[in-house]
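Reader: Could you take one part of this model and go through it slowly with me? I'd like the helix packing, and then whatever lies around it.

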Amino acid sequence: MSLFYSIAKFATNILIHILYKMEYEGMENIRQGGGYMVCSNHRTNMDPLFIAQKLKPQLFFMAKQELFQNKFSGLIIKGLGAFPVERGKGDNGAIDFAVDTLKSGKVLAMFPEGTRSKDGIPQRPKSGAALVAIQTHADILPVGISFDLPLHFRSAVKIRYGKMLHFDSLGVEKGVPSEMKAVSKKIMGQIVELVDIPKNNSSLLEEKKN
């Protein structure tokens, strides 16, 4: 863990506890050390900060290319462990970096949905997280982020860490597209189980499952 990351993590921990009523569950499911993936639903730009606080190793996560366009902010988020990805273009460079991150024993964070959910309902996953998992045989720590809309000062935010999803349980034999699709669904299914659906939106969840 870099010194910059350690200082930033300490500062942001204070910040998010001032801004929100933070609640964490399932810390016993967090594995010591690295070499695994963290996969979460995506609600806000604060999500990496929410997730990282209870993980001892530095967290490396994909961030959209646009966040790096400003040199100052790009330098900061890069120091916090982010690396750019061009969404919707099959960014092989980002995938290769993610694979190398895991193979070097670090912790990689990904949001399988690929973009934030505006209504709080988990969306259909894209293939990126499954592709990286299949290429590295990495285990996956599912995480659910929950809060009622709109998010505001002193909102209650719950972060729930689920049981580790072991790669051997994913049923991957050949890494073919059908297996990748099944892995994506399984990862997202584990995340959905950890999410408290915002009030009045439970019916939307059933629509998005179908």
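**Helix packing and the sheet**

Author: Let's start with a pair: α4 and α5 are oblique to each other, because angles under 35 degrees count as roughly parallel, over 145 as roughly antiparallel, 65 to 115 as roughly perpendicular, and the rest as oblique. Helix α4 covers residues 92-103, and the angle at which it packs against α5 is about 45 degrees, with 10 Å between the axes. An axis here is a line fitted to C-alpha atoms, for helices over the stretch in contact, and angles run from 0 to 180 degrees between N-to-C directions.

A word on ground rules: this is a predicted model, where local features need pLDDT of at least 70, side-chain atom pairs count only at pLDDT 80 or more, and totals for chains, interfaces and linings use all residues. Residues are numbered from 1 along each chain as its sequence is written, while side-chain values use heavy atoms, with hydrogens and water left out. Helices (H or I, at least four residues) and strands (E, at least two) are DSSP runs, numbered from the N terminus.

Back to the pair. The crossing of α4 with α5 is right-handed, meaning that the near helix is turned clockwise from the far one by less than a right angle (anticlockwise would be left-handed). On the α4 side, the touching residues are Ile95, Ala98, Val99, Leu102 and Lys103, and on the α5 side they are Gly128, Leu131, Val132, Gln135 and Thr136, where contact means heavy atoms within 4.5 Å. Sorted by class, that contact has six nonpolar residues, three polar and one charged. In this scheme Ala, Val, Leu, Ile, Met, Phe, Trp, Tyr, Cys and Pro are nonpolar, Asp, Glu, Lys and Arg are charged, and the others, Gly among them, are polar.

Now follow α5 to its other partner. The axes of α5 (residues 128-136) and α6 (residues 177-192) come within 8 Å and cross at roughly 110 degrees. That makes α5 roughly perpendicular to α6. This crossing is right-handed too. Ala130, Leu131 and Ile134 of α5 meet Met180, Val183, Ser184 and Ile187 of α6. The class count is six nonpolar residues, one polar and no charged ones.

Next, the sheet. Seven strands form an open sheet in the order β1-β7-β6-β2-β5-β3-β4, with mixed pairing, and two strands pair if DSSP finds at least two bridges between them. β1 (21-25) and β4 are the edge strands, each pairing on one side only. From one strand to the next, the twist averages 25 degrees. Helix α6 packs on this sheet, touching β2 (37-40) and β6 (140-146), and its direction makes about 45 degrees with that of β6.

At the β1 edge, five bridges join β1 to β7 (residues 156-161) in the parallel sense, and tyrosine 24 has isoleucine 159 of β7 as its bridge partner. Towards the other edge, β3 (residues 59-64) is mostly covered, with five of its six residues buried. Buried means under 20% relative accessible area, exposed means over 50%, and partly exposed is in between (1.4 Å probe, protein chains only). Strand β3 runs parallel to β5 (residues 107-110) over three bridges, with phenylalanine 61 opposite alanine 109. It also runs parallel to β4 (residues 82-85) over four bridges, where alanine 63 is partnered with proline 84.

For a closer look at β6, try leucine 141, which sits in that strand. Leucine 141 is buried, at 0% relative accessible area. Among the residues it touches are Tyr36, Met37, Val38, Cys39 and Tyr161, leaving aside those up to four places away in sequence. Its C-alpha atom is 6.6 Å from that of lysine 163, 22 residues apart along the chain.

Last, the loops on either side of β6. Histidine 137, between α5 and β6, has a positive phi of about 60 degrees although it is not a glycine, and it is exposed, at 52%. In the loop between β6 and β7 you'll find proline 150, and the peptide bond from leucine 149 to proline 150 is cis, with omega near -5 degrees. Arginine 154 lies in the loop between β6 and β7, has a positive phi of about 70 degrees without being a glycine, and is partly exposed at 32%.
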